[in-house]
Amino acid sequence: MNVSVLQFPGTNCEYDTKYAFEKLGCEVTIVWHKDKEIPANTDLLVIPGGFSYGDYLRSGAIARFANVMDSVQAYASKGGKVLGICNGFQILLEAGLLPGAMKRNDSLHFISKYNHLKVINNDNIFLSLLKKDDVVNIPVAHHDGNYYIDEQGLKELEANGQILLKYCDENGELMNLNGSVANIAGICNKEKNVFGLMPHPERAMEELLGCDDGVAMLKGFLK
């Protein structure tokens, strides 16, 4: 499987992401933001975490206009699989590839810790190896992770099975981590080929480093 990982000025998770997918047996290519095309053999495109362009204006607001993003839009429109992690999720929102917007955490503080997530929908390739209501422990590291969508938009997400993950405690009880509407941690588009989440599954690949719950999440793309 060929995975392409985007790299912007300020991206800081591209090599963690590369390592994670190589660990799963994938071939990984780093794609620079000034490139106008992503590799033609791309099976999965990942927009990793970090602080693209220093998070100026808004997180992801400048990256949305990078040269490579026209190719990303075209790839997604043809059914190509896209995964946005943390800043990558923010970029997908800014680009209109996913619905909603991201605001500053309601605490106004950066949050960096492991946090549990509850699987809400697994009827998608990303979470296909997990079961509904499974609880996974995945690191979070964000300042602007407060997901917002209006009431009508939330109803559409729920009706279409687009809510993938919600923040919870170790027992699966939903919790408010950062102010996100309905405790949402990750969503997908209606076609279920574009995925975004704030937590970092690529940082949960080794039991030695605390947890390997990210393996089952990312491995779903290999089906």
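**Salt bridges and a buried alanine**

At 36% relative accessibility, Glu22 counts as partly exposed, because its value falls between the 20% limit for buried residues and the 50% limit for exposed ones. The model in which this residue sits is a predicted one, and Glu22 makes a good starting point for a walk through it. The side chain of Glu22 meets that of Lys18 in a salt bridge, with 2.6 Å from N to O. Side chains of opposite charge can pair when their charged atoms come close. Both Lys18 and Glu22 belong to helix 1, which covers residues 14-23, and they are 4 residues apart, about one turn of the helix. Lys18, with a relative accessibility of 22%, also counts as partly exposed, since the range for that class begins at 20%.

A search of the whole structure finds 7 salt bridges, and the pair in helix 1 is one of them. Another joins Asp144 to Arg104, where the closest N and O atoms are 2.4 Å apart. Asp144 lies in the loop between strand 7 (135-142) and strand 8 (146-148), while Arg104 lies in the loop between strand 5 (101-103) and strand 6 (111-119), so this pair ties together parts that are 40 residues apart in sequence. The two partners also fall into separate accessibility classes: Asp144 is buried, with a relative accessible area of 12%, whereas Arg104 is partly exposed, with a relative accessible area of 43%.

A further salt bridge is formed by Lys192 and Asp123, and here the closest N and O atoms are 3.5 Å apart. This pair links distant parts of the chain, for Lys192 is found in the loop between strand 10 (184-188) and strand 11 (194-197), and Asp123 in the loop between strand 6 and strand 7, 69 residues apart. Asp123 counts as exposed because its relative accessibility is 57%, and the exposed class takes in values over 50%.

From these charged pairs we can turn to Ala66, which is placed in the loop between strand 3 (44-47) and helix 2 (69-77). Is Ala66 buried or exposed? Its relative accessibility is 8%, and therefore Ala66 counts as buried, the limit for that class being under 20%. When residues up to four places away in sequence are not counted, Ala66 touches Phe8, His33 and Tyr53. The position of Ala66 can also be described relative to Lys36: the two are 30 residues apart in sequence, and their C-alpha atoms are 8.9 Å apart in space.

Terms used:
Residues numbered from 1 in each chain as written. Predicted model: local features only at pLDDT ≥ 70, side-chain atom pairs only at ≥ 80, totals over all residues. Heavy atoms only, no water. Helix = DSSP H or I, 4+ residues; strand = E, 2+ residues; numbered from the N terminus. Buried < 20%, exposed > 50% of the residue type's maximum accessible area, 1.4 Å probe, protein only. Contact = heavy atoms within 4.5 Å. Salt bridge = Lys/Arg side-chain N within 4 Å of Asp/Glu carboxyl O.
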